[in-house]
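Hello,

Please find the structure below. My notes on it follow.

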Amino acid sequence: MKRILTIQDISCFGKCSLTIALPVISAMGVETTILPTAVLSTHTMFKGFTVKDLTDQLRPITAHWKAEGIHFDAIYTGYLGSAEEIEISKEIFRMFREDGTLVFIDPVMADNGKMYPAFDENYARLNAGLCGEADIIVPNITEACFMTGTEYKEVYDEAYILGLLDKLATLGSKIVVLTGVSLSPGKTGIYGLNTETGEHFVYQNDRIDASYHGTGDLFSSVAVGALVQGLSLPDAFRIAADYTAHTIDVTLQNPERPWYGVDFETTLPDLMKMLGK
Ligand code: PXL
């Protein structure tokens, strides 16, 4: 069985980060090792959330795994709580990266033109450095702008996206994938660049006018879970995009109208079908 190490926070309530990555990647038939960077009562869109930072635990936990000779087929980082955790994540890549280990970075820190509460420009600079260590990075447009010093635009054309991809390529990752890219009205999706071959890959599906927390984590978890099982880049990202859009759609039909997260629990059987399982 393939094994992924995922490094991100646990938001106890709210369905994002590890409370998405662990169930979703496990359901895909991939063993999931978690390294929690912090414990929060909820994600940061709730008021008054509590945070217990776990930076001091990362080195002892990973040193133990190293002593046990544990191997990871992929390392996937998401929301990291502090600048120091970015530095420690780099050390963890060096400790566990072997031939064929996929390093997948979702540089979670911002959306819709704004940083999440805990972060600033310095954090964006450090995250850009972390992205240089990756095989694949999946920033949204806001994160890409903060990491490359580009002006954020709500309304843009394809040339703006291609320019952003070229700037992201200079960070050093082999594959750069921009998420939340809308190339025509009513559509959204991804725009990727293989920096080694210069090839682009694009996938667009219907844009649903709703925004939920944790959808980026859902997308990344599915993409990395699919890639580690040998799906091609376009297939893995297509399934991740379709599954995320489908889950948002299903959540919108929930009469309880959850605002804080999506009903991936309902749609996991559909993911299995998309994966041909
Ligand atoms: O879904 C990204 C995410 C992860 N973890 C925490 C968050 C967010 C988004 O706001 O607040 C704690």
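Which way do L102, V103, F104 and I105 point from strand β5, and are they buried or exposed? L102 and F104 point one way from the strand, which covers residues 102-105, while V103 and I105 point the other way. All four are buried. In a regular strand the side chains alternate between the two faces of the sheet. Please bear in mind that this is a predicted model.

The sheet

β5 belongs to an open sheet of nine strands with mixed pairing. The strand order is β3-β2-β1-β4-β5-β8-β9-β10-β11. At the edges are β3 (51-53) and β11 (200-206), each of which pairs on one side only.

On one side β5 pairs with β4 (residues 74-77), in the parallel sense and over four bridges. Within that pair, I105 of β5 is the bridge partner of T77. Between the two strands the chain passes through helix α3 (residues 83-96), and this β-α-β crossover is right-handed. β5 also pairs with β8 (residues 136-137), again in the parallel sense, over two bridges. There the bridge partner of I105 is I137. I105 therefore has a bridge partner in β4 and another in β8.Helix α3 and its neighbour α4

α3 lies across β1, β2 (31-42), β3, β4 and β5, and runs at about 175° to β4. α3 also packs against helix α4 (residues 121-131) at an angle of about 5°, with the axes 9 Å apart. Because angles under 35 degrees count as roughly parallel, α3 is roughly parallel to α4. On the α3 side the contact is made by A83, I86, E87, S89, K90 and F93. On the α4 side it is made by Y123, L126, N127, G129 and L130. By class, the contact of α3 with α4 has six nonpolar, three polar and two charged residues.

One residue of α4 deserves its own entry: where is N127 found? N127 is in helix α4, and it counts as buried because its relative accessibility is 2%, under the 20% cut-off. Leaving aside residues up to four places away in sequence, N127 touches I86, P107, V108, M109 and M147. I86 is also one of the α3 residues in the contact with α4.

Helix α9

Which residues of helix α9 are buried? In this helix (residues 264-274), F264, T267, L268, L271 and M272 are buried. The cover over the buried residues of α9 includes α1 (18-27), α7 (215-228) and α8 (233-252). Just after α9, G276 takes a positive phi of about 75°.

Positive phi outside glycine

Two residues other than glycine are also listed here for their backbone angles. S17 has a positive phi, near 40°, and lies in the loop between β1 (3-13) and α1. At 2% relative accessibility, S17 counts as buried. R257 has a positive phi of about 50° and is placed in the loop between α8 and α9. Is R257 buried or exposed? R257 counts as exposed, because its relative accessibility is 59%, over the 50% cut-off.

Regards

Definitions and conventions: Residues numbered from 1 in each chain as written. Predicted model: local features only at pLDDT ≥ 70, side-chain atom pairs only at ≥ 80, totals over all residues. Heavy atoms only, no water. Buried < 20%, exposed > 50% of the residue type's maximum accessible area, 1.4 Å probe, protein only. Pairing = 2+ DSSP bridges. Right-handed = clockwise from strand over helix to strand, strands pointing away. Axes fitted to C-alpha atoms, helices over the stretch in contact; angles between N-to-C directions. Parallel < 35°, antiparallel > 145°, perpendicular 65-115°, else oblique. Contact = heavy atoms within 4.5 Å. Nonpolar A, V, L, I, M, F, W, Y, C, P; charged D, E, K, R; others polar.
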